[in-house]
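Hi,

Here is the structure I promised to pass on to you. Please have it open while you read the notes below.

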Amino acid sequence: MLRKELSHKSTKIIKVKEAISPFGPLMLNGNIKHDVNKKILDFVKYQLSVKPDHQDEIVVSKKETYQQHSVVNGTMQNLDYELQYKNFDNIVSIAINDILKIYFATYIDGIRPYMETSQLKNNHMNITACWLVKMCKGDFHITHDHATHPTVVSGSLYLDVPEENIEKEPQGSIVWNLTVPGKELRNNTWTHSPKNGDWYVWPAWLPHHVYPFQSEKDRYMISFNAAFPT
């Protein structure tokens with residue numbers, strides 16, 4: 001597995017830890033700065049308080065498949081952009097856009113030795129979908145991907161993870177899996193047990209799943225998709 005430390009690319013609101021390539025695809029991870037993480041969490045809880053019974057058909061939830069039954073005790077809602085813009089200084093969009101800029105720059109740095117990058121049509125990615133997730137006891141995600149056109153990358157921000165969830169790994173852990181022939185020189189899976197403030201971004205086509213957990217406390221996070229501008 002390849003790893004590259006990237007702390008020098010941190011911004012005012014997010015910390016970048018490293019670029020990793022467990023089995024080929026580029027993934028990035030880091031932390032949201034504490035005060036920013038608290039503000040985003042406050043927004044998520046605020047949106048849920050003003051829309052307590054609202055449930056959306058989320059882009060990753062495949063209709064008429066088992067995936068729609070994975071988060072049954074908690075809630076999945078599309079991000080209310082106007083709400084976070086007016087009341088929380090657009091904080092969610094700003095944090096995700098910082099992550100996307102760093103991911104794109106890291107990707108370009110990786111391919112520059114092998115191909116001409118000056119003629120690329122795009123130099124950034126836009127958020128195409130963003131949703132908040134409140135996971136409760138027993139909730140999980142079956143294996144799925146976010147490979148819906150025109151999505152290029154996906155990511156998650158872990159805002160509030162119950163302490164007992166962390167201590168009882170792999171409960172609540174996210175697992176990326178690449179099950180294709182030719183495993184001699186790579187791993188098939190990569191697992192992360194999230195903590196408060198963690199973030200990850202990865203190619204949207206990469207399959208992943210989330211183990212259930214049994215905490216009596218709820219877990220709050222935000223997920224997103226992004227694509228190149230058209």
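What follows is a walk through what I found, from the whole protein down to single residues.

Please keep in mind that this is a predicted model. The protein has 230 residues, and 50% of them are buried. Its secondary structure comes to four helices and twelve strands. Taking contacts between residues at least 6 apart in sequence, 77% join residues at least 24 apart. As for the surface, about 11,900 Å² is exposed, and carbon and sulfur atoms supply 52% of that area.

One sheet to look at

There is an open sheet of four strands, in the order β6-β11-β8-β9, and the pairing is antiparallel. Its edges are formed by β6, residues 141–144, and β9, residues 189–192, each of which pairs on one side only. On average, neighbouring strands here are turned by 15 degrees against each other, if direction is ignored. If you zoom in on the β6 end, you will find two bridges joining β6 to β11, the strand of residues 208–210, and these two strands run antiparallel. Across this pair, H144 stands opposite H208 of β11.

The cavity

How many cavities of 30 Å³ or more does the structure hold? There is one. The largest cavity has a volume of about 120 Å³. It is lined by 15 residues, and those closest to its centre are H141, H144, S156, M221 and S223. In terms of strands, β6, β7, β11 and β12 (219–227) each supply at least two residues of this lining. The strand that gives the most is β12, with three residues. H144 is thus worth a second look: this residue stands opposite H208 in β11, and H144 is also among the residues closest to the centre of the largest cavity.

Two cis peptide bonds

Both of these come before a proline. The bond from H149 to P150 is cis, with omega near 5 degrees. P150 is found in the loop that runs between β6 and β7, the latter covering residues 153–160. The bond from E169 to P170 is cis as well, with omega near 15 degrees. P170 sits in the loop between α4 (163–167) and β8 (174–177).

From α2 into α3

The loop between α2 (81–88) and α3 contains D89, and N90 lies in that loop too. Each has a positive phi although it is not a glycine: the value is near 55 degrees for D89 and near 60 degrees for N90. Is D89 buried or exposed? Its relative accessibility is 51%, so D89 counts as exposed, the cut-off being over 50%. N90, with a relative accessible area of 22%, is partly exposed.

A little further along, S93 has its place in helix α3, which spans residues 91–111. S93 counts as buried because its relative accessibility is 9%, and buried means under 20%. Which residues does S93 touch, leaving aside those up to four places away in sequence? They are Y81, Q84 and I127.

If you only have a few minutes, I would start with the lining of the cavity and then turn to the loop between α2 and α3. Happy to go through any of this with you.

Best wishes

Key
Residues are numbered from 1 along each chain as its sequence is written. This is a predicted model: local features need pLDDT of at least 70, side-chain atom pairs count only at pLDDT 80 or more; totals for chains, interfaces and linings use all residues. Side-chain values use heavy atoms; hydrogens and water are left out. Two strands pair if DSSP finds at least two bridges between them. Axes are lines fitted to C-alpha atoms, for helices over the stretch in contact, and angles run from 0 to 180 degrees between N-to-C directions. Buried means under 20% relative accessible area, exposed over 50%, partly exposed in between (1.4 Å probe, protein chains only). Contact means heavy atoms within 4.5 Å. Accessible areas come from the Shrake-Rupley method with a 1.4 Å probe; for residues, only the protein chains shown count as cover. On a 1 Å grid over the protein atoms alone, a cavity is a set of points where a 1.4 Å probe fits but cannot get out, and a pocket is an open set with protein on both sides within 12 Å along at least five of seven lines; lining residues have an atom within 4 Å of a point. Grid points are joined across faces, edges and corners, and a volume is the space filled by probe spheres set on the points.
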